[in-house]
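Colleague: Please take a close look at a single part of this model for me. Keep it brisk, and walk me through the pairing of its strands.

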Amino acid sequence: MERHDLLRLVQDTLDDFASMMPDGPPDTLDESTALFGPGGLFDSIGLVTFLADLEEQVNDEADAVITVADERALSAEKSPFRSIASLVDHLAARLTEE
Amino acid sequence: MTGSPIGFLREVFAEEPESDALVWRGNSTTYAWLLENLDAWHGRLDADSVEPGTVVVVRGDFSPTAVALFLALVERGCTIIPLTESVRSQWDEFEEIAQCEVVIALDGEGGTVHETGRTADHPHFRRLKEEGHPGLVLFSSGSTGKSKAAVHDLLGILEKFHVRRHKLRTLAFLLFDHIGGVNTMLYTLSNGGTLVTVENRDPDHVLAAMEKHQVDLLPTSPTFINLILLSEAYRRHDLSSLKTVTYGTEPMPQSTLERFHRLFPDVKLQQTYGLSEIGILRSKSKSSDSLWVKLGGEGFETRVEEGILQVKARSAMLGYLNAPDPFTEDGWFITGDEVEVDGEYFRILGRKSEIINVGGEKVYPAEVESCLLEMPGVEDIAVYGEPNPITGRVVAARIRLREPEELRPFRKRMRAFCEGKLQNFKIPVKVELTDDTFHSERVKKMRPRYAAGGVGSTSE
């Protein structure tokens, strides 16, 4: 999958999660939008739920079996879950490893 | 027979010999028949040299023959291990664990008796033999791990049935090898009532038997109440004879209780509480649509330590055959059930081991199940925990729908439905749609256990 496909998939999945964003959905969604952490869209359970859905969507569309959230992702120096951009990079990297 | 441990039952049986003791395969059996066959079994057991203190497996289910044999073995001071068809695959294993010396396999109206050549020398059996007391071994139907064999002194269990209570026509729903089934049998017979047996636990079959035999009391499980509602079997049978439904063995979803109560406002809904290890406590629900219940009664004391119910019971088992003694030093049994307390009432929240710890927040599967059962299209659900690197555990659900639906739109619909009803951390993160049923032959909820990497679904 190309990067722009992954970006679309992330944005698509985010659309389903408006109700899980404590401050409501943002006015604009772009790569710089923060997901988790300062100014992020989600609290921990929102993030966990979103990632579980996203993982399924990615695996479905790419016919892959990647894990989006695991110990390795969590122990990375920079969290892959801080913004949409870092998440898309993370997905792309995981798919390449496959 | 004076000094017989079932002398009080013989007295009840002799009072109304022509009354129905059991209904089996649609036919009635009288108390006179039961008394005759009890004595006939003594003759048979004498002939086969089944001495007092012998440890005997009885393979069968509720039937007039099984009940007569059960009582004869009690009267002889034997230890009984009832085993039903539902555990057939474990018969050999259970007979080995129970050191069974004689197997009596019942087949309809007859039975075969054979010696196994084993000697029951476990200290619990030696103690029963020395005291000349009848015993009972019940295997816990634990959803994980090995089944534990609880050894009881039957005199302790029989004690509470000396007091006369209501004479009822009762459905033998709980099984012959379950503490609830044994309790149903002894309660019914000790009051001169009628035990109505069924060949299977299909809702239509059970409800048809209740209608035909004018059953007053249905002791059952929350899962079966749910099945009655889902199958709408209650629309096809006249249940006007039904006065009381007792439910136990697992937490009741509030939604199921309320739905059933709305449909049957005149039926009393009474929660029961008991465990293989301690017997059944006397209980009294606050009301038919309340999960708050008083527990205790003669011979039982209760206390709560760290949110967990503990029970001290005169009828408690002597111990396990195949596990360490679980009692505290001062004789309390830690039930593992988390409870809330309000004055003298308890609310049972669920097995501590089934509680899902999501990032430090507790989730009771029963609460999530109760909520989602209200969602249109959901037929049944089993909620459990799955490991997650971020929150430790997340809530997962296997759901059976009435009509097929795509997973993604279903999940979206489910989240919208849960909004305002469940806190976010309680809403299932992982959802699997399935055609499977989630209950065991005991009609008790079976929750999947996540076992990858040797991690159980427990939160602690």
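Modeller: Strand 25 of chain B, residues 392–401, is joined to strand 26 of chain B by four bridges. The two strands run parallel. Take one bridge as an example: B:A397 has B:V431 in strand 26 of chain B as its partner. Keep in mind that this is a predicted model.

Now widen the view. Strands 24, 25 and 26 of chain B form an open sheet, in the order 24-25-26. The pairing in this sheet of three strands is mixed. Which strands lie at the edges? They are strand 24 (378–388) and strand 26 (430–433) of chain B. Each of these edge strands pairs on one side only. The sheet also twists. From one strand to the next, the twist averages 20 degrees.

For a contrast in topic, turn to helices in chain A. Helix 1 (residues 3–15) of chain A packs with helix 4 (residues 84–97) of chain A at an angle of about 125 degrees. Their axes are 9 Å apart. That angle makes helix 1 of chain A oblique to helix 4 of chain A. The crossing of helix 1 of chain A past helix 4 of chain A is right-handed.

Which residues meet there? Helix 1 of chain A brings A:R3, A:L6, A:L7 and A:V10. Helix 4 of chain A brings A:I84, A:L87, A:V88, A:L91 and A:A92. Sort the residues of this contact by character: eight are nonpolar, one is charged and none is polar.

Technical notes. Residues are numbered from 1 along each chain as its sequence is written. Chains are lettered from A and ligands numbered from 1 in the order in which they are written. This is a predicted model: local features need pLDDT of at least 70, side-chain atom pairs count only at pLDDT 80 or more; totals for chains, interfaces and linings use all residues. Axes are lines fitted to C-alpha atoms, for helices over the stretch in contact, and angles run from 0 to 180 degrees between N-to-C directions. Angles under 35 degrees count as roughly parallel, over 145 as roughly antiparallel, 65 to 115 as roughly perpendicular and the rest as oblique. A crossing is left-handed if the near helix is turned anticlockwise from the far one by less than a right angle, and right-handed if clockwise. Two residues are in contact if their C-beta atoms, placed from the backbone, lie within 7 Å. Ala, Val, Leu, Ile, Met, Phe, Trp, Tyr, Cys and Pro count as nonpolar, Asp, Glu, Lys and Arg as charged, and the others, Gly among them, as polar. Two strands pair if DSSP finds at least two bridges between them.
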